[in-house]
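Student: Could you take me through this structure and show me how each description is justified?

Tutor: Gladly; here it is, and your questions can follow.

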There are 2 protein chains.
Amino acid sequence: MKIVAVDPFYLKMPNITTDADGTQDTLVVRVQTDEGIEGWGECDASPLVSLATYCCPMSHGNIINIRQSLVGEVLRGSDDILRLHDKVLRNALDIQQIDHAYSGTDIALWDIVGQKLKQPVYQLLEDQFGSSSQGIDYPKIPYASVLFGDTPEATFQIATRLKSQGFQAAKFGWGPMGKFDRKFDIELVQSAREGMGESAQIMIDAGVAWKSDYKTAYDRAEAFSQYTPTWLEEPLAPEAIGAYQALSSLNPPIPIAAGEGCATFRMAEDLILNGKVDYVQIDVGRVSGITTAAKIRQLAEKEGIQYVNHTFKSHLSLAASLHVFATNEDFNLLEYPADGSELSQKLTTEKLAVGTDGQVRLTEKPGIGVNIDLHTIRDFLVSVKIELNGTTIFDHSVL
Amino acid sequence: MKIVAVDPFYLKMPNITTDADGTQDTLVVRVQTDEGIEGWGECDASPLVSLATYCCPMSHGNIINIRQSLVGEVLRGSDDILRLHDKVLRNALDIQQIDHAYSGTDIALWDIVGQKLKQPVYQLLEDQFGSSSQGIDYPKIPYASVLFGDTPEATFQIATRLKSQGFQAAKFGWGPMGKFDRKFDIELVQSAREGMGESAQIMIDAGVAWKSDYKTAYDRAEAFSQYTPTWLEEPLAPEAIGAYQALSSLNPPIPIAAGEGCATFRMAEDLILNGKVDYVQIDVGRVSGITTAAKIRQLAEKEGIQYVNHTFKSHLSLAASLHVFATNEDFNLLEYPADGSELSQKLTTEKLAVGTDGQVRLTEKPGIGVNIDLHTIRDFLVSVKIELNGTTIFDHSVL
């Protein structure tokens with residue numbers, strides 16, 4: 001089987017706001033083969049900057065675009081996915097955006113190989129990376145991932161709605177958290193807890209509010225602990241590893257989670273080994289795809305911390321994320337986008353539904369197991385045209 | 001003073017090869033103010049991908065492009081440069097390419113403030129970041145930075161030429177190093193030493209040849225040590241920090257240098273604190289500019305290792321690089337591009353020439369102190385046009 005086309009599609013909602021809502025636009029990537037099998041993946045990244053990584057002219061041997069590295073390549077099985085991952089990243093050693101941009105393609109390649117070999121991706125990963133699950137994929141507890149309301153009252157309303165929808169766990173993040181005073185921060189958490197009820201799990205995402213100020217992060221962890229959140233997420237900036245280390249050394253009363261900003265294996269390794277987080281949250285749409293995410297899962301297992309997905313995109317991303325850690329029973333939480341845009345809701349023809357037991361599981365379909373709705377691609381497509389000296393180097397991908 | 005325009009210019013040579021020669025194309029950035037002062041900077045990065053970071057549509061509050069963050073902003077002094085650095089990177093938290101792309105702009109901002117305050121940038125940095133030099137800028141030993149020849153004989157010829165040009169130090173890198181056998185690698189180093197003569201300094205740049213294989217890296221360090229190179233550079237992949245640590249723990253007989261791949265402060269900090277390198281090599285065109293480079297210089301001073309520039313671009317980049325560490329007498333080496341393309345040679349109207357004492361020093365001109373040749377911009381410009389849904393969002397910057 002040979003790769004014959006690699007096409008990025010930039011999709012967006014008509015109006016974009018500054019809300020920390022990653023579903024307002026997206027970049028999906030289709031990879032086609034000469035056997036007619038095609039795969040899809042999604043990036044959680046700037047669509048235009050990532051798209052440029054697919055078509056930028058060569059600058060030298062360390063700046064070669066993704067299409068040039070892939071089209072014509074042989075794809076037989078997961079060994080080839082790993083080989084191509086190495087090749088693409090090596091050819092783009094000096095393109096900083098490469099990890100974000102390649103994520104969608106790597107996911108699409110796993111999708112293709114799964115379809116070709118008639119296996120779900122988690123099974124291919126089990127074979128490639130090994131684990132002790134004997135190929136069992138375990139159901140996960142979905143936690144609804146939503147933004148805080150602008151006020152404690154609005155947050156309470158959101159939490160109440162989620163509870164009524166049957167969610168037993170929910171993460172509240174960004175919005176006003178850390179932007180006003182201590183009392184307000186605490187009231188936000190209190191409202192989330194009261195809305196969700198005592199028996200639910202709640203997670204608090206501080207949205208890098210305190211940058212490198214680990215003392216304020218510790219103070220908030222202590223103040224929030226009376227509402228027993230499962231974790232405090234991203235209290236600090238992604239690269240403030242020293243501050244994460246200092247926070248950890250103070251033994252905060254609630255676990256610390258971080259990792260969505262990781263674009264490389266090393267960034268996650270650094271956060272785990274030096275930042276000492278309790279939960280590492282990896283976005284397959286940013287970390288150069290499933291291949292690197294699977295290696296980070298292995299590291300989390302070795303270090304005895306919990307791997308969790310970061311997903312604030314469509315159910316294509318959700319399914320891709322879940323394949324990475326489906327076979328580990330202890331990694332039991334799944335970030336579950338609950339408030340996505342119309343674009344994000346309609347991107348796939350099916351959803352990973354919450355089961356009657358309140359849990360989410362993969363199907364046994366081959367590949368990623370979720371299909372793209374081509375109508376949605378057509379309806380939300382941004383037609384991108386890039387000309388260099390009058391020559392078109394990119395004209396919107398054709399379905 | 002207000003920022004009124006931020007314009008990236010993509011320049012390239014007519015023909016681009018896979019050689020590891022970063023001067024075949026470039027992205028320079030011009031920032032203009034309402035007082036008529038303009039500044040220039042250069043990125044060592046994919047021009048098109050970086051340019052997209054200047055004009056990409058907003059995706060949400062963490063994906064906002066550089067122009068949108070800067071145009072209209074107030075610029076009074078270096079405090080504002082630091083404030084804008086924070087603002088731009090925060091607004092682009094989820095654009096991986098931001099550090100590469102913003103580098104040119106940050107350099108341009110230092111250039112502007114220096115012109116406004118009639119001070120060279122190294123003096124502004126002294127005031128902002130402090131040091132013990134009392135504002136003295138020390139001359140540096142330039143080392144010619146060239147690629148290995150394809151054979152030991154070709155490398156010998158290159159070294160002989162550099163010696164005849166008066167260089168007392170030269171770095172040889174990439175090309176065939178690490179691609180054939182051990183004997184060939186050693187012959188390359190031997191040829192460089194023989195061509196340059198016994199009294200010269202030679203540096204060996206392995207161009208990430210051995211990825212994470214620190215044992216082979218150690219073996220080569222041992223084998224090369226008979227030719228007394230000043231350092232062995234990038235024997236391993238940029239993100240193989242664990243392998244750098246393992247290499248360091250073996251106490252290789254020649255110092256280890258790395259760092260050109262650093263795009264963030266944390267990447268450099270990680271390499272210094274965990275990778276235990278002896279020389280940290282920072283590219284102001286990749287690490288989000290002079291601002292972050294100056295912080296890394298401070299860290300190098302604190303940790304007792306040597307800061308060196310990485311520069312494989314024009315003398316605009318060279319001068320910007322030198323300002324960062326000019327005031328530290330112990331940081332006495334300067335990577336000096338000796339084999340650049342016509343584009344790179346002609347980009348500035350003057351060069352940082354090697355003095356009669358064989359050393360390179362800054363002038364006392366305000367700002368960066370090197371002027372752009374606008375003819376070169378015109379002659380080598382790639383006219384870039386980007387349309388989204390038929391609306392032009394970028395049309396090549398006008399001089």
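Student: Into what domains is chain A divided?

Tutor: Chain A is divided into domain 1 (3-120 + 374-395) and domain 2 (129-346), with bounds that come from an automatic or database domain assignment. This is a predicted model, in which local features need pLDDT of at least 70, side-chain atom pairs count only at pLDDT 80 or more, and totals for chains, interfaces and linings use all residues. Residues are numbered from 1 along each chain as its sequence is written, while chains are lettered from A and ligands numbered from 1 in the order in which they are written.

Student: What makes S1(A) and S2(A) an antiparallel pair?

Tutor: Strands are DSSP runs (E, at least two residues; helices are H or I, at least four), numbered from the N terminus, and two of them pair if DSSP finds at least two bridges between them. S1(A) and S2(A), residues 25-33, pair in the antiparallel sense over nine bridges, so the definition is met. One of these links joins A:Val6 to its bridge partner A:Val31 in S2(A).

Student: Why do S1 and S3 of chain A stand at the edges?

Tutor: The open sheet of three strands has the order S1-S2-S3 (chain A). Strand S1 (3-12) and strand S3 (38-43) of chain A each have a single partner strand, so one side of each is left without a neighbour in the sheet.

Student: Which relation links chain B to chain A?

Tutor: Superposed by least squares on the C-alpha atoms of residues with pLDDT of at least 70 in both, chain B can be laid on chain A with an RMSD of 0.0 Å by a turn of 180° and a shift of 0.0 Å along the axis. That is the relation of a two-fold axis.
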